[in-house]
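Good morning, and thank you for making time for this item. Please look at the sequence and the model as they come up, and I shall then go through a few places in turn.

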Amino acid sequence: MTIKQYLLAACGSVMLLQGCDKYKDFDLAGNQGGVEKYPVNWIKAADSSSTTLVTSFWNPQGKYFNRNNNGNPEFHYWPQAHALDVVVDAYTRTQQPLYRIYMNDWFTGVKEKNGNTFLNEFYDDMEWNALAMLRAYNATSDAKFKSAVDEVWADIKTGWNTNMGGGISWRKAMPAYKNVPANAPASILASRLYQQFKNEEDLQWAKKIYAWMKDSLYETGTGQVYDGINNKGDGKRDEWKFTYNHGTFIGAALELYNITKDAVYLNDAMKVAAYTMSDNTLTNATDRLLRDEGGGDGGLFKGVFVRYFTQLIIHPDLPETYRSRYIAFLKHNFETLWYEGTSKPAILFGSYWKRKPGTETEMPIQVSGATLVEAAALLQEKELF
């Protein structure tokens with residue numbers, strides 16, 4: 001029996017379930033598929049959402065996640081990390097051993113598709129995967145994940161150079177171009193490695209990377225995070241705004257706060273969160289939803305923001321007035337996605353969380369939605385709403 005067959009046999013058809021007891025999706029009037037608000041068990045919704053990811057997007061021959069739910073085998077390295085993150089979320093929450101099988105198979109398949117290595121031309125791609133593999137290691141205690149993280153981290157550090165005053169390059173072929181995607185996740189990784197293994201050098205890396213990024217790509221007065229600098233060799237900052245840059249900046253600040261208890265880091269995280277929620281290019285001013293950043297790579301951006309924003313929400317040192325505001329914002333997003341933007345009973349998500357997709361959606365978009373639903377389950381487990 002394949003993994004997919006096992007999951008379907010255990011839980012019933014994924015086309016009907018909101019968890020293994022076949023919890024169905026009805027509005028208060030009893031009409032399936034309505035948009036009126038109704039009580040949702042978010043833990044069961046996360047069961048359904050994460051099951052869809054592994055049954056509808058997984059490539060059992062290649063042992064990686066397909067580009068869409070209709071079997072497109074196109075492989076991109078960095079989205080695989082975020083799909084693994086959702087699998088780790090589901091495994092951590094449920095302890096369902098089948099998710100561990102997916103993690104093991106992912107390690108084999110993704111490494112092979114990436115040229116039989118986890119090293120890559122793009123430093124940010126390696127960082128996303130190192131972060132996900134470190135989480136997989138912590139969830140399973142499987143040493144192969146930690147060994148891969150160590151190898152990738154050693155290569156990431158070679159990306160630091162003195163162009164633009166420091167920072168890790170976006171890619172090896174462009175040593176003078178620096179951006180947040182290549183630096184914020186690296187700082188998060190360094191902080192987490194330090195917290196777990198107490199190598200002082202990792203802490204120095206986390207602080208150094210963060211300090212450069214804050215000095216070069218952060219606007220202190222507003223909390224805006226710029227995407228990158230020197231893309232065209234002119235020393236100018238890119239004006240683009242993306243949700244995932246703000247999310248990973250929050251994550252980097254929060255990890256350093258955890259280590260140092262220096263309130264500056266927590267304040268940085270809160271300022272970036274406030275900017276994301278108030279800027280109408282990141283959050284739609286009309287419907288209060290995180291912006292639609294399209295398909296392809298952009299389909300993943302909101303999910304990355306949600307992951308680190310959720311860590312800020314559950315942090316015990318966050319003032320309660322801020323926590324309430326953040327929860328209300330995120331709750332509005334995941335309720336809108338579930339009530340209005342989810343194709344049921346297939347449990348497929350679209351890039352705009354207010355609009356259902358058709359019969360096909362891209363894996364990065366699905367991962368963002370699944371990340372949001374797993375965040376809702378985590379907040380519900382912690383009785384935060």
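D124 touches W170, P181 and A182, where touching means heavy atoms within 4.5 Å and residues up to four places away in sequence are not counted. This is a predicted model, in which local features need pLDDT of at least 70, side-chain atom pairs count only at pLDDT 80 or more, and totals for chains, interfaces and linings use all residues. Residues are numbered from 1 along each chain as its sequence is written, and side-chain values use heavy atoms, with hydrogens and water left out.

D124 lies in helix α5, residues 123–140; helices here are DSSP runs of H or I, at least four residues, numbered from the N terminus. D124 is buried, that is, under 20% relative accessible area with a 1.4 Å probe and protein chains only. Yet D124 has no salt bridge, meaning a side-chain nitrogen of Lys or Arg within 4 Å of a carboxyl oxygen of Asp or Glu. The nearest side chain of opposite charge, R171, is 8.4 Å away.

I turn next to Y275, in helix α10, residues 263–278. Is Y275 buried or exposed? Y275 is buried, because its relative accessible area is 11%. Outside its neighbours up to four places away, Y275 touches T222, G223, Q224, K241, H246 and L282. T222 is 53 residues from Y275 along the chain, but their C-alpha atoms are separated by 6.7 Å.

Finally, helix α9 covers residues 243–260. Of its 18 residues, 15 are buried. Just after α9, K261 takes a positive phi of about 60°.

Key. Helix = DSSP H or I, 4+ residues; strand = E, 2+ residues; numbered from the N terminus. Expected span 1.5 Å × (residues − 1). Buried < 20%, exposed > 50% of the residue type's maximum accessible area, 1.4 Å probe, protein only. Lys, Arg positive; Asp, Glu negative; His and termini not counted.
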